[in-house]
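Let's take a walk through a protein structure together. Have a look at the picture first, and then we'll go from the whole down to a few side chains.

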Amino acid sequence: MRRSIFSLALNALTGHRLWRPTWRDAVPKPEYDVIIIGGGGHGLATAHYLANVFGIQRVAVLEKSWIGSGNAGRNTTIIRSNYLLPGNNAFYELSMKLWEGLEQELNYNAMVSQRGIVNLYHSDAQRDAYARRGNSMRLHGVDAELLDRDQVRAMVPFLDFDNARFPVKGGLLQRRAGTARHDAVVWGYAAAASRRGVDIVQNCEVTGFIRNGDAVVGVETTRGSIRAPKIAMAVAGNSSRVAALAGLRLPIESHVLQAFVSEAVKPLIPGVVTFGAGHFYVSQSDKGGLVFGGDIDGYNSYAQRGNLPVVEDVAEGGMALMPMIGRIRLLRSWGGIMDMSMDGSPIIDRSPLPGLYLNAGWCYGGFKAIPGSGFCFAHLIAKGEPHPTAAALRLDRFERGYLLDEKGQGAQPNLH
Amino acid sequence: MSGYRLPGGGAIDRTRPLGFSFDGRPFQGYAGDTLASALLAEGVGLVARSFKYHRPRGVVTAGSEEPNALVELRTGARREPNTKATTVEIYDGLKAASQNRWPSLGFDVGAVNSLLSPVFVAGFYYKTFMWPAAFWEKVYEPAIRKAAGLGRGAGLPDPDLYEKANAFCDVLVIGGGPAGLAAALAAGRSGARTILADEDFLFGGRLNAERLEIAEKAGADWAAEAVAELASLPHVTLMPRTTVFGVYDGETYAALERVADHLAVPPPHQPRQRLWRIQARQSVLAAGAIERPLVFGGNDRPGVMSAAAVRAYLNRFAVAPGRRAAVFTTGDDGWKTVADLIEAGVEIAAVIDARTGIAHDHEALAAAHDIRLFAGAVVTGTRGGRALHAVQIRDAGGGTRTIACDLLAVAGGWNPNVALSTHLGGKPEWRADIAGFVPGPALPPGMAVAGACAGRMNLGDCLADGFRLGAAATGTTPPEAPETGPDATTATPLWRIAGTRGKCFVDFQHDVTDRDVALAAREGFRSVEHLKRYTTLGMATDQGKTANLNGHALMAALTGRGIAETGTTRFRPPYVPVAIGALAGPHRGPDFKPTRLTAAHGFSAEMGAVFTEAGQWLRPQYYPRPGESDWLESVTREVKAVRGDVGICDVSTLGRIEIQGPDARHLLDLAYCNMFSTLAVGRARYGVMLREDGFVMDDGTTARLGPEHFVMSTTTANAARVMQHLDFLRQVLRPEWDVQCASATEHWAMFAVAGPRSRALLQDLLGDAFDVAGLPHMGAAEFRWGRARVRLFRLSFSGERAYEIAVPARFGQALMRRICDLGATPYGTEALGVMRIEKGHVSGPELNGQTTAADLGLGRMMSKKKDFIGRVLAGRPGLCDPARPALVGLKPVDRGRRLRGGGHFLRPGAAPVIANAEGHVTSAAYSPGLGHWIALGLLAHGPSRHGETMLVHDPLRDGDTLVEICDPVFLDPEGSRLHA
Ligand SMILES: Cc1cc2nc3c(=O)[nH]c(=O)nc-3n(C[C@H](O)[C@H](O)[C@H](O)COP(=O)(O)OP(=O)(O)OC[C@H]3O[C@@H](n4cnc5c(N)ncnc54)[C@H](O)[C@@H]3O)c2cc1C
C-alpha cells in the first residue's frame, strides 16, 4: 500500500489491518545476478538503485542480523556536503541532492530535515581553513556561509560566548545540511527495493566466498551457499573481516565510535552544531532528545560499545560549549564499529578479485553518503565502470598516492 | 485517587514537616518522603501527561523505573525536566511542576491527540507528511518538534558544581536490599575493602517496603542494624544516593552520587553530584527486580499502581494511595498487598486473581476480612477520567462486573534487574519458572549476581545468596543466614488480557499500546530491535524497565515464537539517566582544558599583551601601546622594531625534546628527511620530518650539544605528536637502539632575540659569560651564566640576525624583563607571522598535513644518501605529480587590497567552478616593509608561474582579488640581513 495521509486515514477506519510487511522477509534462493553483503544503509540503497534505476532485479541483500543493526541504526544522523576536497565534495553533494528528493522517491518519510550545520571556529587559522573549505564548496555549487561571532550568536545564543576556554569566533554554515531519521532510511530503501523484487534476507551471515580461480562466484552463508556472478560488499565496520574471508587485506582499521542521546526535552537546539575546540557535536531529534557525540575511543575494536573516558570527554566538550545542558540527562549511549580508512575517505571500487566489489571505509561519515553511495555503487556493479562522481574513491589511490585526506592526518585511521 | 497519610508507622520523620509545591499549589510532606509519596499523601493522583496522547497519568511505581510521574523539578537555571517524582527526596521549599501539558495538567488541549489515535499509530509519521515536499521543514516538522519532548530544559547555564572521583575496592556491592546488605556484611567482615552503593537514600531495598521478618525482627530493623554494623567496619564505604549506572572494560564501574539533590541548593563549595569511577576487583550485583504491569484496557489511568509500589507506600512512607482498593494479581505477590492494605485499614473492594487454584491461606484471608475474591478472573477495563472510579472485570465464568474503587494494585510478576550484567555484551537468559530474564553466564569479569536480580525472589534465598557471594568474593566462609519469615512469590505470567476495552498500554510513557505492537508485527518489524525502533517501545526515560518484557512477550505471541527466542533488546548505559553536567564534572568554562602559560607570561601581561590561544597555550599575540588604534598598527610597529633595531618574542611554547645516547644521531637520521648524523657539535640544522605516508609532519631546528646529545625543537602545534612519533620509532621500530628522548618543553623558557642590534644586546646582557660574536650562524652553545645554564642558538625565523636564548623556566620571566630593559621591543605571534611570511618560511597553514616537502619548496632536503621515515611512500606518483600545488608568494595587483587566507586561485576570466581551481591562499599578512599585503599560497605549477596574474576567488568574504604570483621570499632573498 502506498503511504499517504489518505491510506493512513483509510487504515485508521479499518484498524490498520491492511498494512503489509514493509519489506518481504525473504528466504534465500540458490542464485542471483547480484548478491549484496550487508543490510545497512549502503547495501539496501545499492539494492534499490540496482532494481529501480539500473534494471537489475535478481538481487539479494544478505544481512547477518536484522537490517539496520549496524551503523545505519546507530549513527547520529547528520547529513551534509561541506567537504573540502574535490574528490569528496562532488560525491557528497550528489548524495545531498538525492536526500532532497528521497522521500518522494521511496514513498517513505525519512524525516530529512535541512536545519543546517554550523562548524564553529575558535582561531584565525581555523577560520582561514574553513574559508578554504567553504570557498571550495561554493566552487562546487554547494551552499556555504562564513559567519562571524555575532552571526553565530544570533543563531545559537545558548553557546558559552562569555566565559569559554576557547572563545567562539565564528562558524562555517551549510544551511542545506541537517539530519534524517536513520531507521526510516533503512526501512524506506528496503521497502523500495523489496517492491521491485529484491530479496532481503535477514539472519543470514556470509561466512566464506565461493571461488573459481581468482574470481568470486558465490558466498557461503549461515543459510546455505548462494551464487552470483557479482558480489558486492557493503559491511561497513566489518569490512576487514569479510574481506579477509576472500583473502584480502584492506587499508582499513575498525574503531569504535560512541553516540549519546539525552532524555527528550522541548526544542532547544535548532540545527547541528559542532565544536571546533573539543570533541563534541549535537543536534536535537524531532522527538526531543539531544543526539550528540565526539571522538572515537581510539583503540581498534569490534565490540559495539565504548568506554568511560570518551563518555566524559564528550560530556566535557558539551558543557564547555553549551553549559545549559548540565541538568539535561544522558539517556542512552552505545557504540558502533567504524571502518576507518587510511585517509579518512571511502572506497567504492572493484576489488582485485573478479566479481567482488567493494564499498567500505566510511569512517564516521557514511550515513550522509547512503543515497550517493548506493547510487554510485549500483552504477559500478551494473556498468562495470565507476560513476564519474565517485571516480576518486578508488582502492588504488593509496598505492598511487592520490589520497583524499580532508584533515591532513595521514595514514593513522584513529585521527581522521 | 484519594490517597492519605496513615496515622502511624513508616520510615518518615513526622517531627520534620517539609513544605513544597506542585504546579504552584502548596503541600506538606515529611523528611523521608519522596515527592511521589508526599503527593499521594496529599491526595494528588494526577501528576503528569503522557508523551503522545497526553493521557492523564499518576504514580505507578516507587522507584527509578517510574514511567509516568515525571515532573519539572526546581525553577530557573536549576530546572530539571523529566524528573521522576518517585526518586526525588523532598526538601523544604521544593518546587515541582507538571510538564508537557497546556494550558494545565487538569485540562490539556493535547489530549485531543487521543481522539486522533487511530491515525497516530506507531510509525505514522513515516507514512505521511511527504507532500508537498517543502512543507516538512516549514510546517509539519516544527509542529512535531513542538509537540514532542516532554519537559523543558532550563535554557540557562547550570549554576551548580560537579565533581569526579575515583574509588578502588575489593568488592563493590550494587544494591542495598537484603542480598546486597548480606553480601556487604560478608565481604566487610572479612576486612576486604568493600563499597556498598544504592540509589536510594535509605538502605534496605524491599525490606523497607515489605513487612518481612529476619531473625524475628522486622526486616527494616534488621536492615538498619546491618547498616550500622557496616558503618562500623573500617574498610567498608557506604554510598547511599549512589547509582551504579555503567559497567566498562577493566572492571570499571561508573556511579553517580547525588550529593546535594536532596537540598534546595548545594551548600557552598559542595558539588551537586559526583561522578565516581570505581575500580572493583569483584562485584556483587544485587539490583533486585522490578514488578511488571499487566496489559489491559485503561491500565494507565491514575490510580492503577504496581502492587509492590502500593506496599512501599503503605509500609515505608505510611501513605495509603487510595481509599478503596482492588488488587489484580497473577501470583502470590498481590496477596502481600492485600495483607498490607488490611493492616493499614484500607478498604478492599475486590481481589482479582487470574489463577484458578488459589491457596487456602489466601482464600481464608479474604474470607476473614469479607473481601470479594474473584479467582480465574481478569481486569478488562477501567473507568474514570483523570482518576480511577471503577474497574471492569471478567470473572471465571465470563461474566462482567464493575467494581468501584479508586486504587487498583497490579501484580504481574517480577523482572530481574539485569541491565548492568549486560553492559559488556552478556545476553540475559530466559527462565520460564519465574517468567523473566536473568543474567546469562557471560557476566562482566569479576561480577556475581545475587538475590532477586538472579531470579531468586524469596527473602531467605536473597540473604543466603548475598552471604555466599560476599564471602566468595573475599575467599572467606559465609556467615550463617538468619531465619526469615514466610515469603512466597510464585506467579503465572499473563502477557495480555484478551477481550479488554480501551487502550492497553505496554510502554506508558511513550504511549505504546498492544495494537502498536501488533501493527509492528504486521508491517514486518518483528525483531525486538525493529519493534523498539518502529514503535519507540522502551526508548522513554525509563528505558523500558516496566515495558520491554511485556512488549517482547506480545511480539513473541504474535509471531508464534517463544519469548526466549524472541529475545530482548540490549541494555545500554546509563542504567538511569545521568545529568550531562555530572559526566563533565568541573571541566567547563575556563576549566574545560588546562591553560598553559609560559614562564614569562606574567611579564607579557604586564606589558599589556593581547593573548591568543595556541592549542592549550596562551601566547602574546601583540603588545598594544597607548595611542595605537588597532592591532595592525601595533604589529607594524613591532615588525619595524625588529627589522630596524631589536625585538624579543617568547617562543617557549615550541616543543623541545632532549635526545641522548649513542644512537641519537641514527634516530634523527631516521626521523628527519635530511641528514643529521653529520651535524657538528655546537651546530644546529633546520630539519623536515615526514610522516610514514610521505607528507610533511613537522619542521624545526635541532642542535647538537654533544657527541651523543641533541636538542630538537618542534612547532608548538605538533610538540606532542612529534614526541609520540619519536617514541614510536625508538620503541617499536628500533628497540635495539640506545637512545632516550624526553620532552623538555616545560623546563626551558626560550626567547627569540631578533634584529640588527641583537648581538650587541646579548653581549651586554651576558657580559663575560659568553662571546656572542663568536657564535656563527646556525651555531649552538651551552654555558653557565651566574646561576643559570644557558643555551644560545643563532637561528632566524624573521630573516634578521637573530638568536634564540633558553634558560631554565624559573629564570624565564626575569630574563625577558632584563632583555626588554636593555631596549628590546617585545613582539607577539602576529609580528612573528608577518616576518616569516615576508621570508617565505612555512608554518601551520602550509604544514597542514596535506603537503609534501616538494610542495613547500623543500624537496631538495630529502636525502638520497640514507633511509628515512616517509621516503618510500613519498615516491608515490600522486605525491610527485608535477601538477601539485606548490608554494608561491602573492602580491595584490591593486596594492591597496587586503589579502586573506582561504581563497582559491582561478585564472582571470575563468568560470568559478572547481575544475578551474588551481590551489589556495594559505597565509596573508601586511608587510610594513613593502607597504602592502602579501601572502603565501599553494598553486599548481606555482614555481614556474612567477609573474603571472591570478584571481583569488573568495566568495565567502569580500569576493575576488587579482594577485601577482611571485617568489615566496619577499625580503632579502640573498639573506644578507642574517649577518647584519
Ligand atoms: C556512533 C556513530 C555515529 C555516526 N554518525 C554519523 C553521522 O552523524 N553522519 C554520518 O554521515 N555518518 C555517521 N556515522 C557513520 C555511518 O553510520 C556509517 O558510515 C554508515 O552507516 C555505514 O554504512 P551502512 O549503513 O551500510 O553500515 P551498517 O549499517 O553497519 O551495515 C553493514 C551491515 O553489514 C552486516 N554484516 C556485517 N558482516 C556481515 C556478514 N558477514 N554477512 C552478512 N552481513 C554482514 C552488518 O550486520 C550490518 O548490518 C556514524 C556512525 C556511528 C557508529
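How much area do chain A and chain B bury between them? Before you read on, keep in mind that this is a predicted model. The answer is about 9800 Å², with 56% of it on carbon and sulfur atoms. If you'd rather count residues, 118 of them in chain A are in contact with 122 in chain B. On the chain A side, A:Leu139, A:Arg165 and A:Arg327 lose the most area to chain B, and together they make up 10% of what that side buries.

Charges meet across this interface too. The rule for salt bridges finds 15 of them between chain A and chain B. Try finding one where A:Arg329 pairs up with B:Glu80: the closest N and O atoms there are 3.9 Å apart.

Now zoom out to chain B. Its C-alpha atoms fill a box of roughly 115 × 70 × 55 Å along the principal axes. Inside that box, you can trace 25 helices and 52 strands. Chain B has 980 residues, and 62% of them count as buried. The chain also comes back to meet itself: take the contacts between residues at least 6 apart in sequence, and 66% of these join residues at least 24 apart.

Chain B is split into five domains, numbered 1 to 5. Domain 1 is a single stretch, 4–115, while domain 2 is made from two pieces, 162–289 and 416–474. Domain 3 covers 655–743 and domain 4 covers 745–824. Domain 5 again comes in two pieces, 836–868 and 879–966. To get a feel for the spacing, look at domain 2 and domain 4 of chain B: their C-alpha centres lie 63 Å apart.

Finally, let's look at some rings. A pair of aromatic rings is described by the distance of the centres and the angle of the planes. Over all chains, the count comes to 34 aromatic pairs. One of them is A:Trp99 with A:Phe367, a tilted pair with 5.3 Å from centre to centre and 45° between the planes. The two partners are 268 residues apart: A:Trp99 sits in helix H3 of chain A, and A:Phe367 in the loop between strand S19 and helix H10. A:Trp99 counts as buried because its relative accessible area is 1%, and A:Phe367 is buried as well, at 7%.

Rings can have charged neighbours, too. The charged end of B:Lys545 sits over the ring of B:Tyr575, 4.4 Å from its centre. In chain A, look for A:Arg165 over the face of A:Phe166, at 4.4 Å from the ring centre.

Terms used:
Residues numbered from 1 in each chain as written. Chains lettered and ligands numbered in written order. Predicted model: local features only at pLDDT ≥ 70, side-chain atom pairs only at ≥ 80, totals over all residues. Heavy atoms only, no water. Domains from an automatic or database assignment. Phe/Tyr/Trp six-rings, centres within 6.5 Å; stacked < 30°, edge-to-face > 60°. Helix = DSSP H or I, 4+ residues; strand = E, 2+ residues; numbered from the N terminus. Buried < 20%, exposed > 50% of the residue type's maximum accessible area, 1.4 Å probe, protein only. Lys NZ or Arg CZ within 6 Å of the ring centre and 35° of its normal. Contact = heavy atoms within 4.5 Å. Buried area = accessible area lost by both parts, 1.4 Å probe. Salt bridge = Lys/Arg side-chain N within 4 Å of Asp/Glu carboxyl O.
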